[in-house]
Amino acid sequence: MNALKADKKAFTSVLDKIDTMNNKEQQEALNELKKANITSKKESISLDLRLALLNKDIDFLKKNIKSVDSQALSDRIVKLFIDEKEYASANEQLKFFANKALDKQAKQAEHDDKKQALTNKVNELKKAISDTQKQLDGKNTQLSDLHKQLDDLNKNDKSPDKGKHVDDKNKEIDNANKDKNKISDILKDQQDKEKEAQKAVDDFK
């Protein structure tokens, strides 16, 4: 503060010094500078950018990419963008302050994320297929039981309502078969989608 009051040109040196502090100290120093109200509008944005970085205020950083004033600050912002999976913003920031290592890191992280998303989709479909297969197995077991019950009625029902009992059981079997066909269709659709999703993973470069 004293340095700035004595020499306005010391702003960059003051920021360089603040950048070496830990996060809490940086926040305190930046807030003190803002309260003192001794910086120009451009310098004030530099303070806001650093505070936004510390607070992980992605929206503010995205809107003010062009106001970043140093390579060191740009690099820190790009690293945050990569951590937050804001790859388009990282690439945009790198246009103003190039850094080959960070550019490579951003591209690799984005590539890995895309492949992971594709792999996650395959795993989700495999889980859905497993669940649907269990439903189908359960329906097949139900149908097997219903057919046994029908056989039992045909052999052992001596009541005057035997015909109605047999008809009711046949209706149950028909309904169970309809359910089974619906589940089979869902299973086939899921299996087709899983093949497509797996191909997308295999083809991903």
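L125 is buried, with a relative accessible area of 14%, a value that falls under the 20% limit for burial. The model examined here is a predicted one, and L125 offers a convenient place to enter it. L125 belongs to helix 8, which runs through residues 100-156. Leaving aside neighbours within four places in sequence, L125 touches Q190, K193, E194 and A197. The C-alpha atoms of L125 and K193 are 7.5 Å apart, although 68 residues separate the two along the chain.

These contacts lead to helix 9, in which Q190, E194 and A197 are among the buried residues. Helix 9 covers residues 162-203. How does the distance between its end C-alpha atoms agree with the span expected of its 42 residues? At 1.5 Å a residue the helix should span 62 Å, and the end C-alpha atoms lie 61 Å apart, so the two values agree. Further buried residues of helix 9 include V166, K169, I173, A176, I183, L187 and V201. Helix 8 is part of what covers the buried residues of helix 9.

Other residues of helix 9 have greater accessibility than the limit for burial allows, and two lysines serve as examples. K193, which is located in helix 9, has a relative accessibility of 43% and therefore counts as partly exposed. K193 was met above as a contact of L125; its C-alpha atom lies 23 Å from that of K139, and 54 residues separate these two in sequence. K171 is also placed in helix 9, and its relative accessible area of 53% makes it exposed. From K171 to A200 there are 29 residues along the chain, and their C-alpha atoms are separated by 44 Å. In helix 8, the residue Q108 is partly exposed, with 43% relative accessibility. Q108 and Q198 are 90 residues apart in sequence, while their C-alpha atoms are 21 Å apart in space.

Helix 8 also meets helix 6. Two packed helices are described by the angle between their axes and the distance between the axes. For helix 6, residues 71-83, and helix 8, the axes come within 10 Å and cross at roughly 10°. Angles under 35 degrees count as roughly parallel, and helix 6 and helix 8 are therefore roughly parallel to each other. On the side of helix 6 the residues in contact are D75, V78, K79 and I82, and on the side of helix 8 they are L102, Q105, A106 and A109. By type, the residues of this contact comprise five nonpolar, one polar and two charged.

Which residues have the most contacts inside the largest nonpolar core? They are L53, L61, L73, I77, V78, F81 and I82, in a core of 19 residues. At least two residues of this core come from each of helix 4, helix 5, helix 6, helix 7 and helix 8. Helix 6 supplies the largest share, six residues. V78 and I82 thus appear in two settings, since they are listed in this core and also in the contact with helix 8. The surroundings of L61 give a closer view: apart from residues up to four places away in sequence, L61 touches L49, A52, L53, I77, L80 and F81. A second core, separate from the largest one, has 10 residues, including V14, L15, I18 and L30.

Burial in helix 6 is not confined to nonpolar residues. S74, found in helix 6, has 0% relative accessibility and therefore counts as buried. Once residues up to four places away in sequence are set aside, S74 touches V68, Q93 and F97.

The loops remain to be considered. K85 is found in the loop between helix 6 and helix 7, the latter being residues 87-96. Its phi is positive, about 60°, although K85 is not a glycine. Is K85 buried or exposed? At 51% relative accessibility, K85 counts as exposed, because the limit for this class is over 50%. K56 occupies the loop between helix 4, residues 41-54, and helix 5, residues 58-63. K56 likewise has a positive phi, near 55°, in a residue other than glycine. With a relative accessible area of 52%, K56 is exposed.

Definitions and conventions: Residues numbered from 1 in each chain as written. Predicted model: local features only at pLDDT ≥ 70, side-chain atom pairs only at ≥ 80, totals over all residues. Heavy atoms only, no water. Axes fitted to C-alpha atoms, helices over the stretch in contact; angles between N-to-C directions. Helix = DSSP H or I, 4+ residues; strand = E, 2+ residues; numbered from the N terminus. Parallel < 35°, antiparallel > 145°, perpendicular 65-115°, else oblique. Contact = heavy atoms within 4.5 Å. Buried < 20%, exposed > 50% of the residue type's maximum accessible area, 1.4 Å probe, protein only. Core = buried A, V, L, I, M, F, W, Y, C linked by side-chain atoms within 4.5 Å. Expected span 1.5 Å × (residues − 1).
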